[in-house]
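Colleague: I am new to this structure. Please take a close look at one part, and then show me what lies around it.

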Amino acid sequence: MKIIGFNLAKTHYDLPLDNGGACLMIDGEIKMLINEERINRKQYAAGFKKSIEYILDANKLKPEDIDLWVASSCLETKRTSEYVATQMKEYGLNVPKEKIVVNDHHFAHAYSAYFPSGFNEAIVIVLDGDGNVINEIQEKTNDKNYWLNKIEHNSYYVAKGKKINFLEDDNLEAGENGFGGAYRYFTYFCGFPGYKFAGKLMGLSAYGYERNRFKNLEVFELEE
């Protein structure tokens, strides 16, 4: 069984989805994975075309050799397999919709955390900046104000064996934020110019040596 997983290159309203890439699994084992930026040398690059081509070429495979294509979307409602097939065709990959599965964005996070963990049973917690749009308050063509919608932020799952079941999420309304959003704003507070640097800040945090030095720092106003 050969599976390629990847993030969509953009939303249906043409917002690029950063940090594109692809991963090849054969019979449940990860064979190769690569980010788009490693090939085109553009940091945080969106897309999947070059990474998929690289993986196929390196493993002497053709698109028709792949049994299943698993896509993840973000900052929009979960897409259909028909939509994914259309976007893939736009990037030169002709794949029948019957071979495509679309994964919920937070489920994709949960799978990538649980299955490599070595645990046979776990509670999985996803604390994200943004995930999929849960409803369509403002979701219209060319409307990039996705944050006006209700979006996934914090989700919880029960994993056992080969199954992950959704438990619940924090019922945050449109315009409200979760822990990931708080981390994003703290990234701005520390002087970084954009949310993309949250991962860099997370890496730098390991170099901290004086715990609780800033415990009295008031970054946010707390409401009831």
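Modeller: What follows starts from one residue and works outward.

First, the ground rules. This is a predicted model, in which local features need pLDDT of at least 70 and side-chain atom pairs count only at pLDDT 80 or more, while totals for chains, interfaces and linings use all residues. Residues are numbered from 1 along each chain as its sequence is written, and side-chain values use heavy atoms, with hydrogens and water left out.

Start at cysteine 74. It sits in the loop between β4 and α3. Helices here are DSSP runs of H or I with at least four residues, strands are runs of E with at least two, and both are numbered from the N terminus. Is cysteine 74 buried or exposed? It is buried, because its relative accessibility is 13%. Buried means under 20% relative accessible area, exposed means over 50%, and partly exposed lies in between, with a 1.4 Å probe and protein chains only.

Now the bonding. The structure has zero disulfides, a disulfide being a pair of cysteine sulfur atoms within 2.5 Å. Why does cysteine 23 not bond? Its closest cysteine sulfur, in cysteine 74, is 18 Å away, which is too far for a bond. The same gap leaves cysteine 74 in no disulfide, since the sulfur of cysteine 23 is the nearest one to it.

What does cysteine 74 touch? Beyond residues up to four places away in sequence, it meets Thr11, Leu17, His105, Asp130, Gly131 and Asn132. Contact means heavy atoms within 4.5 Å. Glutamate 121 is elsewhere: 47 residues separate it from cysteine 74 in sequence, and 27 Å in space, C-alpha to C-alpha.

Follow the contact to histidine 105. This residue belongs to helix α4, residues 105-114. Histidine 105 also counts as buried, because its relative accessibility is 13%. Its contacts, leaving aside neighbours within four places, are Ser72, Ser73, Cys74, Asp128, Asp130, Gly131, Asn132 and Glu152.

Next, step back to β4. This strand pairs with β1 in the parallel sense, over five bridges. Two strands pair if DSSP finds at least two bridges between them. β1 also runs antiparallel to β2, joined by five bridges. Isoleucine 4 has a bridge partner on each side: tryptophan 69 in β4 and leucine 24 in β2.

Both isoleucine 4 and tryptophan 69 also appear in the largest nonpolar core. That core has 30 residues, and those with the most contacts inside it are Ile4, Phe6, Ile52, Trp69, Val84, Met88 and Ile100. A nonpolar core is a set of buried Ala, Val, Leu, Ile, Met, Phe, Trp, Tyr and Cys residues joined through side-chain atoms within 4.5 Å. β1, β2, α2, β4, α3 (81-90) and β5 (100-103) each supply at least two of its residues. Phenylalanine 6 touches, among others, Ile52, Trp69, Val84 and Met88.

Ile52 leads to helix α2, residues 49-58. Its buried residues are Ser51, Ile52, Ile55 and Leu56. Seen down the axis, they fall within an arc of 130°, so they line one face of the helix. The arc is that of the directions from the helix axis to the C-beta atoms. These buried residues pack against β1, β2, β3, α1 and β4. After α2 comes lysine 60, with a positive phi near 55°.

Finally, return to α4 and look at another sheet. Three strands form an open, antiparallel sheet in the order β6-β7-β8. The edge strands are β6 (121-127) and β8, each pairing on one side only. β7 (154-160) pairs with β8 over six bridges. There, tyrosine 157 stands opposite phenylalanine 166.

Isoleucine 164 is found in β8. It is buried, because its relative accessible area is 7%. Its contacts, aside from neighbours within four places, include Phe107, Ala110, Tyr111 and Tyr114, as well as Tyr157, Val158 and Ala159. Isoleucine 123 lies 41 residues away along the chain, with 9.3 Å between the two C-alpha atoms.
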